[in-house]
2 protein chains.
Amino acid sequence: MADIETSIFPREQLQEFSSRVFQSFDVPRQDAELAAEVLAISDLRGIDTHGIARLFSYFGLLKDSRINPRPNISIVRESPSTATVDGDNGLGLVVGPRANDIAMDKADAVGSGWVAVRNSNHYGIAGYYVLEALKREQIGMAMTNTTRIAAPLWGAERMLGTNPIAMAFPGKDEPPIVIDMATTAVAYGKIEMALRKDEPIPDGWAIDNEGRPTTDPKAMADGGAMLPLGSQRERGGHKGYCLSAMIDLLCGPLSGANWGPFTPAFTLGHSNPDRWVGKGLGHFFGAMKIEAFIDPDELKRSVDLWIQTFRAAQPAPGTDGPLIPGDPEREAEEIRRTAGIPLIMPVVEDLRQIASETGIPFE
Amino acid sequence: MADIETSIFPREQLQEFSSRVFQSFDVPRQDAELAAEVLAISDLRGIDTHGIARLFSYFGLLKDSRINPRPNISIVRESPSTATVDGDNGLGLVVGPRANDIAMDKADAVGSGWVAVRNSNHYGIAGYYVLEALKREQIGMAMTNTTRIAAPLWGAERMLGTNPIAMAFPGKDEPPIVIDMATTAVAYGKIEMALRKDEPIPDGWAIDNEGRPTTDPKAMADGGAMLPLGSQRERGGHKGYCLSAMIDLLCGPLSGANWGPFTPAFTLGHSNPDRWVGKGLGHFFGAMKIEAFIDPDELKRSVDLWIQTFRAAQPAPGTDGPLIPGDPEREAEEIRRTAGIPLIMPVVEDLRQIASETGIPFE
């Protein structure tokens with residue numbers, strides 16, 4: 001099987017293109033630049049599925065007037081350390097950063113800030129938000145619910161999203177530990193890749209449309225569902241389901257957003273649920289001022305030692321030993337900052353189509 | 001294979017015995033009763049490994065003067081919404097509830113409270129703490145790091161505990177959703193059970209002392225390690241490791257407690273690490289006042305609908321459909337509140353030995 005063909009683009013070019021596309025739908029310039037930055041950080045960090053590869057979906061939703069380009073993002077309820085934010089159906093790439101700012105401002109003021117968000121849309125990579133917190137000497141937490149694609153353990157239908165969680169801890173001399181993970185057994189991108197290559201997928205990733213375990217990526221795509229982290233009962237699949245439920249409950253019922261099977265579709269190709277139980281998609285952000293708990297220098301020295309200790313672990317046979325969370329993304333970023341962003345041809349084709357429809361030059 | 005033989009005891013009898021044992025080591029009566037209650041709630045909820053079955057370990061540590069019976073539990077740093085608590089090497093069953101109270105008091109005052117704890121010991125089931133938060137119309141979060149027993153993905157040695165996380169959400173007419181889970185693929189109790197029955201364990205639970213996958217429970221017990229949720233790289237084992245790391249970092253470096261491979265041993269049978277990198281074991285508690293985010297009645301109605309929606313999911317073949325997190329524990333509690341607590345004979349023997357050494361009557 002040959003590798004997938006890619007073309008390389010400078011990050012700046014992609015970011016500029018995204019920003020201009022958003023602006024062409026009347027998104028204010030500052031918001032468009034912010035949204036484009038969130039996408040670019042994803043591409044830089046090697047999370048290809050959540051970067052400019054998603055511009056075509058945002059483009060479709062904006063074109064179809066399903067996203068509000070000029071939202072009035074507002075706090076609908078608050079306390080000194082918490083807030084509930086209504087995103088007014090704006091781009092998640094704009095609503096997310098604004099809500100995260102509110103959490104970080106509250107952390108500066110009273111030690112921590114916790115913000116539940118409703119009426120938003122897909123917000124990019126969860127990791128973006130916790131990297132922002134690091135810049136302010138804070139420990140951030142970010143979660144979002146997403147369009148349904150995974151089954152709860154022992155269910156035979158799509159009822160939960162990939163529901164990611166992220167958190168980051170700063171080192172002193174070492175790079176930060178950055179956790180950013182979906183709560184499904186595997187990223188949907190890996191199933192897409194198997195589809196593209198016409199290859200089977202491992203047992204434990206998916207079920208078919210009757211709820212039976214399958215190794216056929218088409219059976220998953222064709223009305224089946226992904227499995228939660230842990231995959232089966234015997235291996236803790238109920239725990240992955242619990243985590244996904246926890247994130248769904250914080251993002252949905254706590255904020256007043258939709259949840260579970262009622263989350264909005266992310267692309268025009270998917271149909272929305274039969275009814276709404278809340279407003280839009282939901283997020284949940286936390287920020288904790290490190291100094292409110294411990295001397296930041298002491299924390300950073302402990303994190304350094306944590307990293308050094310885990311790097312020095314005896315490796316399992318056939319491996320180089322444990323990775324530190326965030327290592328692969330940081331390594332991708334080091335390469336891509338200078339070498340540029342590789343895009344697979346279907347993504348390039350999507351971007352060309354956007355260019356053709358909007359008149360914004362891509363290449 | 002025959003079932004394991006058990007004897008049934010009334011909850012009150014076990015709780016009274018635990019309390020008197022703690023008091024015999026000069027633990028103040030109020031603290032002893034609290035600690036005994038935490039153990040009893042675990043037994044009631046069917047989490048047999050964390051209830052009175054652990055009294056023998058606490059007993060051993062108290063007898064060996066490795067736990068301070070009369071700790072001066074103090075706040076060493078705080079902000080309006082956060083605190084760092086030093087447990088003065090007290091029983092985790094006492095330090096945990098006190099620190100959780102501080103988190104809940106802060107939530108009442110400023111919307112949320114987040115408390116990192118150092119210099120504590122094992123604190124019982126994480127679920128206990130979030131059930132307390134429900135009583136105050138709050139959403140609680142509880143985490144602890146624990147004695148090392150699991151390997152990080154691609155590591156060949158014990159470097160992390162089972163590091164559980166718990167969170168609970170109240171329903172209106174439905175019972176609450178209670179998430180309480182270790183971040184290993186399986187509970188250690190299941191490996192112990194396989195050892196006792198001399199049966200193999202499924203692939204994905206453990207590695208041997210050289211880091212190779214094993215299905216022999218003896219190979220795990222004999223210097224091997226448990227695997228994180230997800231088990232292998234292909235099934236997301238790095239995510240279980242990330243979750244465990246997240247919990248370890250919040251409980252250890254953030255509070256100033258020990259972390260990772262440096263956590264203290266839980267029983268006299270295990271040796272402590274070569275050195276300390278902090279003080280005792282660590283916990284992390286969060287509490288959020290529901291009213292600070294949304295009308296509590298609205299949240300509860302959403303949680304009811306969430307529960308009803310997931311209960312109504314199409315079941316996977318051969319199953320009764322998805323469970324709601326907390327269902328098995330609540331069902332156990334309903335039975336055990338009237339029928340009593342079944343204890344396996346090795347636990348009964350341990351309790352008889354405690355009775356014989358302390359002179360406190362057990363049966």
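User: Two strands count as paired if DSSP finds at least two bridges between them. With that in mind, which residue of β4(B) does T84(B) stand opposite?

Analyst: This is a predicted model, and in it β3(B) and β4(B) pair in the parallel sense over five bridges. Within that pairing V85(B) faces V117(B) of β4(B). For T84(B), the residue standing opposite in β4(B) is A116(B).

User: On its other pairing, which residue of β3(B) is the bridge partner of I75(B)?

Analyst: Five bridges hold β2(B) and β3(B) together in the antiparallel sense, and the chain passes from β2(B) to β3(B) by a hairpin of two residues. In β3(B), the bridge partner of I75(B) is V85(B).

User: Is β3(B) mostly covered or mostly open, and how many of its residues are buried?

Analyst: A residue is taken as buried when 20 or more other C-beta atoms lie within 10 Å of its own. On one side of β3(B), T82(B), T84(B) and D86(B) are buried, and on the other side A83(B) and V85(B) are buried, which leaves both faces covered. The strand is therefore mostly covered, and the number of its five residues that are buried is five.

User: What is the handedness of the β-α-β unit that β3(B) and β4(B) make with helix α4 of chain B?

Analyst: The two strands of this unit run parallel, paired over five bridges. The helix of the unit is α4 of chain B, residues 92–110, and the β-α-β unit made by β3(B), this helix and β4(B) is right-handed.

User: In the open sheet of seven strands in chain B, which strands stand at the edges?

Analyst: The order of this sheet is β2-β3-β4-β11-β5-β6-β7 (chain B), and the pairing is mixed. From one strand to the next the twist averages 10°. The strands with a single partner, so that one side of each is left without a neighbour in the sheet, are β2 and β7 of chain B.

User: How many residues of strand β4 of chain A are buried, and why is the strand described as largely enclosed?

Analyst: Strand β3 (residues 82–86) of chain A joins β4(A) through five bridges and runs parallel to it, with D86(A) having R118(A) as its bridge partner in β4(A). The chain travels from β3(A) through helix α4 (residues 92–110) of chain A to β4(A), and this β-α-β crossover is right-handed. Strand β11 (residues 281–289) of chain A runs antiparallel to β4(A) and joins it through seven bridges, A116(A) standing opposite F284(A) in β11(A). Strand β4 (residues 112–120) of chain A is largely enclosed by the rest of the structure because, of its nine residues, the number buried is nine.

User: Is H50(B) buried or exposed?

Analyst: H50(B) sits in the loop between α2 (29–44) and α3 (55–63) of chain B. Leaving aside neighbours within four places in sequence, H50(B) is in contact with S42(B), G124(B) and I125(B). Because H50(B) has 24 C-beta neighbours inside 10 Å, the residue counts as buried.

User: How many of the ten residues of helix α5 of chain A are buried?

Analyst: The buried residues of α5(A) include Y128(A), Y129(A), V130(A) and L131(A), and E132(A) is also one of them. Just after this helix, E137(A) takes a positive phi of about 55°. Helix α5 (residues 126–135) of chain A is mostly covered, and of its ten residues the number buried is eight.

User: Of the side of chain B that touches chain A, how many residues are nonpolar?

Analyst: The contact takes 73 residues from chain B and 73 residues from chain A. Among the elements that give two or more residues to the side of chain B that touches chain A are β4 (112–120), α8 (237–251) and α9 (296–311) of chain B. The residues of that side include 21 polar and eight charged, while the nonpolar residues number 44.

User: What kind of axis relates chain B to chain A?

Analyst: A turn of 180° with a shift of 0.0 Å along the axis lays chain B on chain A with an RMSD of 0.0 Å. That relation belongs to a two-fold axis. The copies meet through the same surface, because 100% of the interface residues of chain B are also interface residues in chain A. Of the residues of chain B, G230(B) comes closest to the rotation axis, at 2.3 Å (C-alpha), and the axis is two-fold.

Definitions and conventions:
Residues numbered from 1 in each chain as written. Chains lettered and ligands numbered in written order. Predicted model: local features only at pLDDT ≥ 70, side-chain atom pairs only at ≥ 80, totals over all residues. Contact = placed C-beta atoms within 7 Å. Helix = DSSP H or I, 4+ residues; strand = E, 2+ residues; numbered from the N terminus. Nonpolar A, V, L, I, M, F, W, Y, C, P; charged D, E, K, R; others polar. Least-squares fit on C-alpha atoms with pLDDT ≥ 70 in both. Buried ≥ 20, exposed ≤ 12 C-beta atoms within 10 Å, placed from the backbone. Right-handed = clockwise from strand over helix to strand, strands pointing away. Axes fitted to C-alpha atoms, helices over the stretch in contact; angles between N-to-C directions.
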